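Let's take a walk through this structure together, with the model open beside the text. We will stop at a few backbone details, then look at strands, cores and empty spaces.

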Amino acid sequence: MRFIHALLTAAVAACLAAGCARPVTHCVNPLTYTDIPDNDVIRVGEDYYMVSTTMYFCPGAPIMQSRDLVHWRIVDYVYDCLEDDDVYNLRNGRNAYGKGQWATSLRYENGRFWALFIANDQGKTYVYSTPKISEKWTRQVIDRPFHDASLLFEDGRVYVVWGNGEIHITELEPDLSAVKAGGVDQVLFTCPREGYMLRAEGAHIYHIGDWYYVLVIDWPSGGVRTETCWRSSTLLGEYEPKIILQGKFDGRQDGVAQGAIIQTRRGDWYAMMFQDHGAVGRIPTLQPVTWVDGWPILGDNGVPVKEFDVNLAPDGEDYVWASDEFNSEKLALVWQWNHKPLDGYWSLSARPGWLCLTTGQLATSPADARNTLTQRTFGPKCTSTVLLDGSGLKPGDFAGLSAFQSNRADIGLRRTSAGLELYALQEVSERHGRETVRVQRELLCERAEERQVQLRIRYDFDVDKAWLAYSWDGEVWTELEEPLQMRYTLDYFTGYRSALYCYSTRETGGHADFDWFRQE
C-alpha cells in the first residue's frame, strides 16, 4: 500500500510540474461499503480525519485518515476500553450490546484533537484529547449524558449541542472538564412532533460566515431518512429549518443522512453521510455540497448522488478491513475485541505466526466469551476464511469462526468426551406468538478428520445471507446448505462482523490457534 501511495504521489508531482490539470479522485458511493456510522470529519492541514461509532468493541472510536475523502485508513483509536466493570468484562450477565460509545464529535482546537461522546451503558459523557494522532489520549468524564453531541469552540468558550426532538445547547468549562456553572444550558430549537417517525438527532453544529448551522437527521412519516439544516444569525437566536438532502438511494428505500460537512483547502465543500444498508451496517457516502442562498445543499440539488469527481488528488487505498497472517508483534488496527479483552489470554508470540486464544473465563457462546476478536465485513459480497488448529482444546471448549451479530452463525471445532468434533450452528431470535425466543439450530456435527481445518463464511449482502463452509485440505470445500438469514438488529446495533473465538463451558486453560485470516 505504501508503494502504491508513493507512486501516486510521484505521478501527481510530475503532472503538476508539467502544468497538467490538477488530478481528481473519482468517488463511487458507497465508499468502503462497510459499517462506519455516525461519522464526524475534520480537516487539519491537508489531512482529513474521520471518527465513527463502534459501541462495545475495544479499542473504540476509530480514527481514520484520508487525503482525498474517498479512501480511508484506520490510524488510531481514541481509547482501549471505557471501563473495567462487569459490563465490559462480560460478567454477571452484563454487557454493552447496543450501547457503549455513540456518535463522537471530533474537533481540532488549540493544538489538540478533541473527541466527545456519550456512553449509554454508563450514563456519562467522555471527553478525550491528544496533541497528535497516534499519541496517548487523555480522558475526562462529565457525569451527564449528551445524546448525539457536537462541539463548538467559539471565542474562548466551548459549547455542546445535543439531544433528539429538542436540540439543546450546554456550555462547558474551557478545558471541557465539566458543565460550566452558570453557563448557557437551554433548548436551542424544537423539531415539530407531527409528521415525523424520527425527530432531529445526530446534531452537527458549525459557525460558517454569518450563520450558525445545525445539521440533524429526521425521518418524516411515510418518507425516508432526511438531512435537515437549521440556521440562525446568532448562536442563541431563532433557528429556521430547510431540507438539504432527501431521497431513496442506490436501489434501496433507505435515505442518506447524518454526518458532517467539510471544506477543502481549495474551498470546495463535501458532506459525509451514512445510509442504513441492511445487515452490512450503516455505510458511508460522500456527497458534493453546493451553497444556495446561504444553505448547504447536498448531492444533486438535494438528492443523493451515486458517483462524482472529488477535487482532490487520489490517495492510496482503504484500510478498514484486511487479511492477516498474524506475523506482527501487535494486532493490526482493523481488529477489535468484542468488549474488553482478557489480557494474558491471547498471544501473537506464544506460537509465532499464529494468533493464540486461551480460555480464561467460562462462557456459553462467542457473544459472552472473552477475547472474541472481530473484523468488519463488507459488501456487496465477501468471504472470510481462517485456518484453525484445535489441538489445544480441552473438553467443553469451542473455537471457530462466527458471522457475528445478534442472529449468529458459528462453524468450528469443539472438544467433547468423545473427542474432537466439527460443528456448525445458528442462534437466532424468533417470534412465537407474542414472545420472542432464542432458538439454536445445529447444522453440522461430525467427528473431526484432522486437528486443523479451514473455515469460511460467504456473505451476500444483496440478499443478507451467509453460508458456512469447511475444508480439510484447502482444496475441496463443503458448504452447508442452510444459510443464515442475516438481520441488522438494534439490540446489537452494528453491522455483521467476522469473529474468531475460543471459549470454554467447563474449565479454563484450553486454547485455539489461528494461522491466518483472509478477507476476499
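**A guided walk through the model**

D250 is partly exposed, with a relative accessible area of 32%. Please keep in mind from the start that this is a predicted model. You will find D250 in the loop between β19 (248-249) and β20. Its backbone deserves a glance too: D250 is not a glycine, yet it has a positive phi of about 60 degrees. As background, most residues other than glycine have a negative phi, and most peptide bonds are trans.

A second residue makes a good companion to this one. N371, again not a glycine, has a positive phi of about 65 degrees. N371 sits in the loop between β27 (355-358) and β28. Is N371 buried or exposed? With a relative accessible area of 3%, N371 is buried, since the cut-off for that word is under 20%.

Two prolines are also worth a stop. The peptide bond that leads from N29 into P30 is cis, with omega near -5 degrees, and P30 belongs to the loop between β1 (25-28) and β2. Another cis peptide bond links C58 to P59, with omega about -5 degrees. P59 lies in the loop between β4 (57-58) and β5 (60-66), and we will meet P59 again at a pocket.

Now let's turn to the strands. Strands of a sheet pair through backbone hydrogen bonds, either parallel or antiparallel. Start with β38, which covers residues 497-504. Why can we call β38 largely enclosed by the rest of the structure? Eight of its eight residues are buried, so the rest of the structure largely encloses this strand. On one side of β38 are R497, A499, Y501 and Y503, and on the other are S498, L500, C502 and S504; both faces are covered.

Which strands pair with β38? One is β28 (residues 373-376), which runs antiparallel to β38 and is joined to it by four bridges. Here L373 stands opposite L500 of β38. Another is β30 (residues 397-404), also antiparallel to β38, with eight bridges between the two. In that pairing, F398 has Y503 of β38 as its bridge partner.

L500 also leads us to the packing of side chains. In the largest nonpolar core, which has 49 residues, L500 is among those with the most contacts inside the core, along with L413, L455, Y470 and F514. A second core is separate from this one and has 39 residues, including V41, I244, V289 and F308.

For a contrast in setting, look at an open sheet of four strands, ordered β7-β8-β9-β10 and paired in the antiparallel sense. Its edge strands, β7 and β10 (138-142), each pair on one side only. On average, neighbouring strands in this sheet are turned by 20 degrees against each other, direction ignored. Within the sheet, β9 (residues 124-130) and β10 pair over five bridges, and V127 stands opposite Q140 in β10.

That brings us to the empty spaces. Rolling a probe the size of a water molecule over the atoms shows where empty space is left. The structure holds two cavities of 30 Å³ or more. The largest cavity contains about 60 Å³ of space. It is lined by 13 residues, and A103, T104, A149, A203 and H204 are the closest to its centre. Two elements, β7 (101-109) and β15 (196-208), give two or more residues each to this lining. The second largest cavity holds about 40 Å³, and here we return to β38, which supplies the largest share of the lining, three residues. Among the residues that line it are C502, Y503 and S504, together with T358, R370 and others.

The pockets finish the tour. About 640 Å³ of space lies in the largest pocket. Of its 25 lining residues, P59, D76, Y77, Y79 and D80 are the closest to its centre, so to speak of P59 again is to return to the cis bond from C58. The strand that gives the most to this lining is β6, with five residues, and the lining as a whole divides into 16 nonpolar, two polar and seven charged residues. The second largest pocket has a volume of about 480 Å³, and I42, R107, Y108, Y206 and I262 are nearest its centre among 18 lining residues.

Methods:
Residues numbered from 1 in each chain as written. Predicted model: local features only at pLDDT ≥ 70, side-chain atom pairs only at ≥ 80, totals over all residues. Heavy atoms only, no water. 1 Å grid on protein atoms, 1.4 Å probe; cavity = no way out; pocket = protein on both sides within 12 Å on 5 of 7 lines; lining within 4 Å. Points joined across faces, edges and corners; volume = space filled by probe spheres on them. Nonpolar A, V, L, I, M, F, W, Y, C, P; charged D, E, K, R; others polar. Buried < 20%, exposed > 50% of the residue type's maximum accessible area, 1.4 Å probe, protein only. Pairing = 2+ DSSP bridges. Core = buried A, V, L, I, M, F, W, Y, C linked by side-chain atoms within 4.5 Å. Axes fitted to C-alpha atoms, helices over the stretch in contact; angles between N-to-C directions.
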